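Colleague: Please zoom in on the ligand site for me and take it slowly. Then work outward from there to the rest of the model.

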Amino acid sequence: MSNQGNFLHELIGSMSQGAAGNPTVAMVEAAFAHHGLHWRYINMEVTPENLGDAVRGARALGFRGFNCSLPHKVAVIPHLDGLGESAALMGAVNCVVRRGEQLIGENTDGKGFLKSLAAVTDPKGKSIVLFGAGGAARAIAVELGLAGVKRITIVNRTEPRGAELVELLCSKLHIESELVVSHEDYAIPEGTAIVINATSIGLYDANARLGLELSSLQSDMVVADVIFNPVNTRLIRDAESRGCRTVDGLSMLVNQGVIGIQFWTGVDPDTTVMRKALKDALSL
Ligand code: NDP
């Protein structure tokens with residue numbers, strides 16, 4: 001089998017489980033079409049027991065890369081040839097890139113967030129409050145650490161993953177970090193520049209409220225939310241009512257797609273086309 005020739009396509013996969021109708025397919029394929037790229041992005045149902053065979057299959061079929069979502073983000077690592085810097089620190093991969101004959105694992109979740117944040121502010125040297133300690137929080141915290149932030153306060157409802165993340169930030173990224181285990185409304189300390197919700201609070205619920213004391217939000221703070229559906233979460237609305245600049249989760253999702261396309265194809269895709277395709281696919 002050959003993938004040479006104009007009429008055949010370069011292939012990118014998306015390995016997920018239970019993600020029929022994956023909206024990123026529409027977003028990535030819209031970018032390919034817009035830029036005249038003869039590439040295809042194909043959603044594939046892969047069960048955990050078949051992950052190794054699926055990666056070997058992608059390798060044998062000459063796929064140029066693939067995304068993987070839960071539950072494969074950690075389990076895929078032993079099947080790859082190497083990891084990018086941030087993926088190695090996070091211990092999680094959501095984007096695999098073929099470089100020569102090697103499959104290299106990257107993580108574009110945090111990179112997508114940083115790209116969205118960069119449109120509003122430079123996090124270097126800043127103090128951050130990050131709600132959450134799951135996969136999204138870990139990805140964002142590591143990229144913020146690599147970007148040279150001064151301090152990250154992790155606020156989480158339970159201790160174990162929060163403590164693990166703080167330990168990673170202090171020992172591997174050498175930034176100041178502390179954990180606040182909180183079940184009540186948390187008051188954002190003065191001097192905080194960026195407040196981020198990286199919990200799942202707000203997903204599919206426009207009225208769900210993050211446990212933060214609204215009066216502690218100051219107008220010079222940037223407030224970001226990883227939740228992309230709905231786009232205008234309660235946190236984003238509340239932050240805007242306090243005069244804060246905001247970054248929504250949809251732009252993070254678009255930008256992780258942008259970075260994946262840059263990794264795979266070398267093309268810098270049009271974000272407007274991608275955001276529209278994603279909004280259409282999600283009926284937003
Ligand atoms: P995880 O399950 O790994 O982590 C969820 C986090 O939310 C944990 O910190 C958890 O706390 C906290 N949490 C969940 N429910 C509650 C609650 N009721 N009250 C307080 N805290 C709660 O999920 P991910 O990190 O993978 O994803 C988090 C969100 O980010 C999801 O909604 C996902 O859709 C979104 N996301 C968005 C992306 C984007 O591009 N916009 C990319 C990736 C994810 P605890 O540790 O105590 O369980």
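Modeller: Start at Thr158: one of its polar side-chain atoms sits 2.5 Å from an oxygen atom of the ligand. This is a predicted model, so local features need pLDDT of at least 70 and side-chain atom pairs count only at pLDDT 80 or more, while totals for chains, interfaces and linings use all residues. Residues are numbered from 1 along each chain as its sequence is written, and side-chain values use heavy atoms, with hydrogens and water left out.

Right beside Thr158 in the numbering, Arg157 has a side-chain N or O atom 2.9 Å from a ligand oxygen. The backbone joins in too: a polar backbone atom of Ser200 is 3.3 Å from an oxygen atom of the ligand. Altogether 21 residues surround the ligand, counting a residue as near if one of its heavy atoms lies within 4 Å. The closest are Ala133, Ala136, Asn156, Thr158 and Val226.

Now step back to the chain, which splits into domain 1 (10-106 + 252-282) and domain 2 (111-247); those bounds come from an automatic or database domain assignment. Taken over C-alpha atoms, the two centres are 26 Å apart. Domain 1 puts 14 residues into the contact and domain 2 puts in 18, where contact means heavy atoms within 4.5 Å.

Between them the domains bury about 1,400 Å², with 73% of it on carbon and sulfur atoms; buried area is the accessible area (1.4 Å probe) that two parts lose on being put together, summed over both. On the domain 1 side, Leu89, Met90 and Met252 lose the most area to domain 2, together 48% of what that side buries. The rule finds 0 salt bridges across this interface, a salt bridge being a side-chain nitrogen of Lys or Arg within 4 Å of a carboxyl oxygen of Asp or Glu. There are, however, 5 residue pairs in polar contact, both residues at pLDDT 80 or more. A polar contact here is a pair of N or O atoms within 3.5 Å; within protein, one must be able to donate a hydrogen and the other to accept it, and residues adjacent in sequence count only if both atoms are side-chain atoms.

Helices H3 (85-90), H8 (249-265) and H9 (271-282) each give at least two residues to the domain 1 side. H8 has the largest share of that side, 7 residues. Helices here are DSSP runs (H or I, at least four residues), numbered from the N terminus.
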